[in-house]
Amino acid sequence: MNPSRNKAFCRTVRGAAAAVALTGLAVGTTASGAWAASADDSISYVALGDSMASGPLIPDITGPVACGRSTHNYAHELAASIGASLRDVTCSGAKSKHMTEKQSLSLLDIPMGSAPPQFDALRADTDLVTLTIGGNDAGLVGIAQDCMQLDPTASPCKDKLTEGGVDQVAQRIAEFAPRLGAVLDGIHQRSPQARVLVTGYGLYIKPGGCWPLQPVLPVDADFLQGSVNRMNAAIAEQSAAHGAEYVDVATPSKGHDACQAPSDKWVEGYVPTAAAAPLHPNKRGEAAYARIIGAHLQGR
């Protein structure tokens, strides 16, 4: 967003927040309640990204079933709180290439057609874009699944993933980083007035893990979350270098990882205790991410 447009955007938000405060209206607790848009100046919002953003298996489904897009993902919660007009094209399994290429869809290995390139949702007058991408480029969920271990005496999966002193996951993340830069440049080209927010990934497992509640060995728990943290650092670096704003959702997630009680956790473990995909945010987590993004938009 150019400076004059950014100021106007902020004025719209601040003015709407003041109107809400003066009238005493409550907009709920699922996202930042101080955000809303005036009826004559709705914020045009496009949500891009993968399953962390789409919210698979969280009721209710919207859009292509195979995309696992929920009406309670962070984009929908955020849009409701700021009064934005939302185009949500997030889709499970999306990689950075699916911003400009169509994505083949399947469910239980049954072909389900394809989703258009996510960039098709962008417009010249788009005001706000959120993006969560990279996990599938690096194969983080698949790696976590492969690291599941019920035998406490087994060799850590980290050994195989760092064989010969080469961290294969770190390599994948390094290869992804410039692709993210290109994605951000593409967003700015298509939506030059937009404020672009890029989220990282959350805190999935606490230091040392919690075997056997979450069946990964302590050393692997630290390796897996360390890889997520490495991904977040790459996302933050590319965001800063390509005119976007990084939103940290991992730090505020402390105490809400998959090792916690069902009422406290924002992400599900290998066996979900709430309606959500394994190793993905639940409804509580998506709502929390919406609040975090909303607070960032307000400068808090």
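In the predicted model, Val198 stands opposite Tyr246 of strand 7. This contact belongs to the pairing of strand 6 with strand 7 (residues 245-247), which is parallel and extends over three bridges. Between strand 6 and strand 7 the chain passes through helix 8 (residues 218-241), and the resulting β-α-β crossover is right-handed. Strand 6 is also joined to strand 5 (residues 128-132), again in the parallel sense, by four bridges. Within this pairing, Arg195 of strand 6 is the bridge partner of Leu128.

Strand 6 itself spans residues 195-199 and is mostly covered, with five of its five residues buried. In a regular strand, side chains alternate between the two faces of the sheet. In strand 6, Arg195, Leu197 and Thr199 point one way, whereas Val196 and Val198 point the other way. Residues of both orientations are buried.

Aromatic contacts were examined separately, and the count comes to one aromatic pair. Its members are Trp266 and Tyr289, whose ring centres lie 6.4 Å apart with the planes at 90°. Planes over 60 degrees apart count as edge-to-face, and the pair is therefore assigned to that class. The two residues are separated by 23 residues and link distant parts of the chain: Trp266 lies in the loop between strand 7 and helix 9 (283-298), and Tyr289 lies in helix 9. Because its relative accessibility is 8%, Trp266 counts as buried. Tyr289, with a relative accessibility of 1%, likewise counts as buried.

Note on methods
Residues are numbered from 1 along each chain as its sequence is written. This is a predicted model: local features need pLDDT of at least 70, side-chain atom pairs count only at pLDDT 80 or more; totals for chains, interfaces and linings use all residues. Side-chain values use heavy atoms; hydrogens and water are left out. Buried means under 20% relative accessible area, exposed over 50%, partly exposed in between (1.4 Å probe, protein chains only). Two strands pair if DSSP finds at least two bridges between them. A crossover is right-handed if, with the strands pointing away from the viewer, the path from the first strand over the helix to the second runs clockwise. Rings of Phe, Tyr and Trp (its six-membered ring) pair if their centres lie within 6.5 Å; planes under 30 degrees apart count as stacked, over 60 as edge-to-face and the rest as tilted.
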